[in-house]
Amino acid sequence: MRLYALIWKELLVLRKDLHGLLVLFIMPALFILIMSLAMRDSFSERQQVEVEYLLLDADRSEASAELLEKLSGIAGFVYRPSEPEQDIASLESQVAADRYKFALVIPPGFADQLEALGQDADEVSPPMLELMVAPTVTPQLQMLFRLALEDLIKGMRVALLSQGMSQPGEGQASMPSLATLMAGVHLESRYVYQGKTPEKAPTSVQQSVPAWLVFAMFFVVIPLSTAFIIERQQGSLLRLRIMNISSFSLVLGKILPYYAINQVQMVLMVLVGIYLVPKFGGDSLQLGDSLGGLFIISSACSLAAISFALLITTFANTHTQATTMGGVSNIIFGALGGVMVPKFVMPPFMREMADISPMSWGLEGFLDIFLRNAAWHEVLPEAGALLIFAVFCLALATVSFSRHY
Amino acid sequence: MGHRLGEGIVIHINNLTKCYPRQQVPALDDISLHIPEGSVFGLLGPNGAGKTTLISILVGLQKKNRGEIRFNGKPLEQNLTEVRAITGFVPQDLAFYPMLSVAENLDFYVAAFGVPKAERPLRVATALAAAKLEQHYRKAAHALSGGLKRRLNLAIGLLNNPRVLFLDEPTVGIDPQSRNFILDTIAELNHNTGMTLIYTSHYMEEVQQICNHIAIIDGGKILVSGKLQELLDMAERTRLEFRLQQQADTQVIALLQERYQARSLDGRLFEVATTDIAELLRGLPKFLQAQGLGLDGIRYGFQSLEELYMTHTMCAPRE
């Protein structure tokens, strides 16, 4: 009977702990929903991941038309034909801005090169295809696309050879070797940037530092809410209010130290990327060209994170509630915002959903600096969105604070 | 009460009413109170009586609905900053940072009070001395005993050198030695500096020990207020107990009830409520003698503040 009483008491306590129940049931349900939707196409046999790329056919030959037809057969990659009047610079700017992951250019003379089956392709000769790559594209994705393109070209070469062999008396003299046929296709790929091109191509460290930095910044919710709620529960906050300390000073007294902590986080993460990762064989982080932009996006991201933490703190009654609510929200923001799963592997509607996550705005801002080599003014849209979010959270927190205390 | 505004009255509360939203009964219902300068004022009342609401309004944490509060003759609302500068508050909770040391807590709070930097060491030293915490200056606050924590809580309240100090049950949960120390400190502060102390407590003997003025509050109303001794004296004139040498029979009990409104407690012990104790003492012995009964003893008046308190608050436990 005692055990029964203990069990019943525990269930009663749990029933009244709304936040605990939310964590136990709603959090995993939400997480399963978001992660399943985000990763759906990555694990689907139908391979519905669609990476959009721009295509410019400057050759306008039968061979290029055939290539276009075959390109539409590459699973997971969908091309958007560019307008005839578009030039290379226009394609570059769209890819650099990450509106498209790639731009493929079929240069004039593609058909001639394809037919020159006897000649070895070398780096000196003009490339058969030109590929512009957005800096956010991972090496794996780029490799996948390149291999698919090379397979197509090789297939077209073999088909041409078969045609030649089927016409007696012709082609015998110029029969290329199998090695030539299967040699790598001269496909020139290059990253394109919003700013000036950096010395080194982007690496995984350029991608991982921004993602985990944004994630870490938002985790100020844990120490901030813990300290704030202890102050509130123990009466220190009350005491401070009676001491002629304005609410503005109280809030600023929270924002400034955590802002400093966020900036220290950023500096440490950057130092890890620059110095520690190479010690273990990784690439070194490159900072990009705009330290001003880095400061802007880092500050905006920090203010958004701190304001969100203050909002959570004013709504929570205990620090357990605050840390739980804050932690769960951060994981959901991270999952939605492309921190845990790259946005390009998400289905289109999840990519749109990603835009509601402030972590997505922060991440894009940092990627602008670290990967796209953007100038300071190019991070202003993301920084602005983060600041609006910060003001919104702060306003709600102020209302909640003045109602309760 | 015969006081004029600003003359010897540090706090003047007149017809104060406070209603909380969605509450049918007001938390404070048209109360008037005068807290004299330099007094140790005990605010007594059961849980939910309105003590905390009153203190919260007095320190500007809550707004009143009606009525008037004046500090040294000036309206509280218009002079809140000035009033807060001369008041200290020792909450019931241990309102400091347990992870910081005693020194760090005091250094933080003295700076937060806005005390000029040059004056801070002296203020901290004075508060430390008042609370006798010098030996524990470097200790982490969480490592202090319950009594020392209460003393730190008190020391913080003294850092701005207040003229009025609100103490909300400052001795809750500590041993008698620590309690006596805090009570002595409060009495010393009042005696040495003339500081006005407004003290809430559930410990009647404490209030009786250190307070010279009290108010009993219940249901949002002030039931009784004034100088402690006068209230006790007034109570003494209103209640009398007498014990007979032998058991009274039913007829005598009925006669005592009829003639003196004496209530029999056990047939020998009787209780009488009267407004004229002298008249009662003249007539009662003669009556008993006529009935063949002798008096074993008489006790009149309230023996303690607790009896006064329990009488006024109807003894019943509160929600």
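Let me start with the contact between the two chains, to which chain A brings 11 residues and chain B brings 14 residues, and please keep in mind throughout that this is a predicted model. On the side of chain A that touches chain B, the element giving the most is helix H10, residues 236-242 of chain A, with 6 residues. If we sort the residues on that side of chain A by character, we find 5 nonpolar, 4 polar and 2 charged ones.

Turning now to chain B, there is an open sheet of 4 strands, whose order is E12-E13-E11-E14 and whose pairing is antiparallel. Which strands sit at the edges? They are strand E12 (263-264) and strand E14 (295-300) of chain B, each of which pairs on one side only. Strand E12 of chain B is joined to strand E13, residues 269-273 of chain B, by 2 bridges, with the two running antiparallel, and B:Arg263 has B:Glu271 in E13 as its bridge partner.

Let me move on to the interior. In general, nonpolar side chains in soluble globular proteins tend to be buried together. Here the largest nonpolar core holds 70 residues, and those touching the most other members are B:Leu106, B:Leu152, B:Ala155, B:Leu197, B:Ile198 and B:Tyr199. Helix H5 of chain B, residues 146-157, supplies the largest share of this core, with 5 residues. Leaving aside residues up to four places away in sequence, B:Tyr199 touches B:Val40, B:Phe41, B:Gly42, B:Leu43, B:Leu167, B:Val207 and B:Cys211. There is also a second, separate core, made up of 61 residues, including A:Val209, A:Leu310, A:Val339 and A:Ala374.

Key:
Residues are numbered from 1 along each chain as its sequence is written. Chains are lettered from A and ligands numbered from 1 in the order in which they are written. This is a predicted model: local features need pLDDT of at least 70, side-chain atom pairs count only at pLDDT 80 or more; totals for chains, interfaces and linings use all residues. Two residues are in contact if their C-beta atoms, placed from the backbone, lie within 7 Å. Ala, Val, Leu, Ile, Met, Phe, Trp, Tyr, Cys and Pro count as nonpolar, Asp, Glu, Lys and Arg as charged, and the others, Gly among them, as polar. Two strands pair if DSSP finds at least two bridges between them. A nonpolar core is a set of buried Ala, Val, Leu, Ile, Met, Phe, Trp, Tyr and Cys residues joined through C-beta atoms within 7 Å. A residue is buried if 20 or more other C-beta atoms lie within 10 Å of its own, exposed if 12 or fewer, and partly exposed in between; C-beta atoms are placed from the backbone.
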